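Me: Please take a close look at one part of the structure shown here, and then follow the description outward from that part. A formal account is wanted, with the cut-off of each term stated where the term is first used.

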Amino acid sequence: MQDLVKRIELYREANSCTISIQDGEHCGQKINHFHVSIIPRYQGDFEKNDDIYEKTIIPFGYHYEKFPFEGISNEKMHILINHDVVRMNKETLEFVRDKYPESLEYFVRRNIDEYVSIMDNELFSLDELLNILSMDVSNKNKITLLKLTSEPISVKGKNYPISVQEHILLYNRFDDDIPYLYSSYSQQALAIQRIVFSIACQDIESVISDSDNVDMKLVDELMKSADIEINSRKELLLAFFSHLSRENIKAYLVLVEKEEFCRIFDSNTRPRYEDTTENRELLDAFVNRGWLYDYTPENGSLKVRRNQPKKSDVNT
């Protein structure tokens with residue numbers, strides 16, 4: 001063989017040769033005998049040296065339903081995958097996972113429809129799913145794969161399609177994402193806002209406990225929602241009192257049936273309120289905002305003072 005190669009190189013004025021061997025019909029042998037191809041090579045004859053791989057193997061048109069070969073470079077594996085020499089099925093997927101992990105993503109992306117069609121609970125890989133969610137493949141395929149798992153999946157910082165985010169928030173919600181979802185509420189698509197709003201309605205305490213970070217659009221919608229009990233909305237109002245404008249507070253006081261506290265904003269009135277824990281909490285919120293100086297109990301009611309009393313009034 002070496003003598004023959006030297007003669008071919010001399011005859012064709014080449015300085016190298018690529019040798020390809022086919023033995024058997026499944027490797028592309030067209031005639032029933034041992035087949036050797038010797039291809040003279042020249043400097044710069046292919047842009048990339050592995051391009052010869054396509055020229056010598058791909059034209060034979062064969063493929064492997066079971067691929068048993070190890071040790072092939074990733075570049076050559078990509079050529080085989082790209083030309084459908086390595087077919088996607090359960091056996092080849094597991095083989096590529098084991099022997100060619102660096103080519104796995106390309107193998108999956110190139111054969112995504114077949115990948116989805118063979119996937120089941122036994123074959124499923126969460127790591128592969130997370131990778132696929134960021135791929136430019138159909139949302140239908142992504143959601144089909146998502147249905148195979150109930151594992152929590154984060155959407156924070158991800159650019160997942162809206163329909164994919166919807167499915168994740170409904171069926172694969174990662175609870176640690178909730179503060180992010182609350183704080184970015186107004187930036188989310190309407191479909192995502194509806195789901196986040198529903199989450200907040202079911203767990204209003206999670207909103208109240210994070211009052212420094214929750215998007216005020218979410219707060220406004222919660223305050224106006226008839227789906228939330230009035231006592232919960234009162235708690236919400238107190239939690240966000242320091243973040244609200246005067247006009248917002250007036251509107252929300254009416255919504256929680258505390259409109260009599262709007263009189264505090266009218267300097268021509270001298271309001272008194274029943275001495276209850278709830279009313280004290282509201283008055284404390286006004287004091288903390290600087291809209292009242294203080295309040296004092298008097299004959300079962302609470303008397304408010306808007307301004308600090310003068311020394312003469314104190315002495316009296």
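Reply: Lys 234 lies in helix 14, which spans 230-239; helices (H or I, at least four residues) and strands (E, at least two) are DSSP runs numbered from the N terminus. The model is predicted, with local features needing pLDDT of at least 70 and side-chain atom pairs counting only at pLDDT 80 or more, while totals for chains, interfaces and linings use all residues. Residues are numbered from 1 along each chain as its sequence is written, and side-chain values use heavy atoms, with hydrogens and water left out.

Lys 234 counts as buried because its relative accessibility is 17%; buried means under 20% relative accessible area, exposed means over 50%, and partly exposed lies in between (1.4 Å probe, protein chains only). When neighbours within four places in sequence are set aside, Lys 234 is in contact with Val 256, Lys 258 and Glu 278, where contact means heavy atoms within 4.5 Å.

Which residues line the largest cavity? Lys 234 is one of them, and the others are Leu 237, Leu 238, Val 256, Lys 258, Glu 278 and Leu 282. A cavity is a set of points, on a 1 Å grid over the protein atoms alone, where a 1.4 Å probe fits but cannot get out, and a lining residue has an atom within 4 Å of a point. Grid points are joined across faces, edges and corners, and the volume is the space filled by probe spheres set on the points. On these terms the structure holds one cavity of 30 Å³ or more, and the largest cavity encloses about 50 Å³ of space.

Two helices each supply at least two residues of this lining, namely helix 14 and helix 16 (277-289). Helix 14 gives the most, with three residues. By class, the lining has four nonpolar, no polar and three charged residues; here Ala, Val, Leu, Ile, Met, Phe, Trp, Tyr, Cys and Pro count as nonpolar, Asp, Glu, Lys and Arg as charged, and the others, Gly among them, as polar.

Helix 16 also holds Asn 279. This asparagine is buried because its relative accessible area is 4%. Not counting neighbours within four places in sequence, Asn 279 is in contact with Lys 258, Phe 261, Tyr 273, Glu 274 and Leu 302. Lys 258 is thus found among the contacts of Asn 279, among the contacts of Lys 234 and in the lining of the largest cavity.

The description now turns to aromatic rings. A pair of aromatic rings is described by the distance of the centres and the angle of the planes. Rings of Phe, Tyr and Trp (its six-membered ring) pair if their centres lie within 6.5 Å, with planes under 30 degrees apart counted as stacked, over 60 as edge-to-face and the rest as tilted. By this rule the count comes to nine aromatic pairs. Phe 95 and Tyr 100 form a tilted pair, at 6.2 Å centre to centre and 50° between the planes. Phe 95 is buried because its relative accessibility is 16%, and Tyr 100 is buried at 3%. Another pair, Phe 241 and Phe 286, is edge-to-face because the planes stand at 65°, with the ring centres 5.1 Å apart. This pair joins distant parts of the chain, as Phe 241 sits in the loop between helix 14 and helix 15 (246-255), whereas Phe 286 belongs to helix 16, 45 residues apart. Phe 241 is buried, with 2% relative accessible area, and Phe 286 is buried at 0%. Elsewhere, ring pairs link Phe 67, Phe 69, Phe 95 and Tyr 100 into a cluster.

Another buried asparagine is Asn 111, at 6% relative accessibility, in the loop between helix 5 (101-110) and helix 6 (112-118). Residues up to four places away in sequence aside, Asn 111 touches Ile 81, Asp 84 and Met 88. Asp 84 lies in the loop between helix 3 (74-82) and helix 4 (90-99) and counts as partly exposed at 31%. Most residues other than glycine have a negative phi. Asp 84, however, has a positive phi near 65°. Asn 299 likewise has a positive phi, near 55°; this residue is in the loop between strand 4 (294-298) and strand 5 (301-305), and counts as exposed because its relative accessibility is 79%.

Terms used
On a 1 Å grid over the protein atoms alone, a cavity is a set of points where a 1.4 Å probe fits but cannot get out, and a pocket is an open set with protein on both sides within 12 Å along at least five of seven lines; lining residues have an atom within 4 Å of a point.
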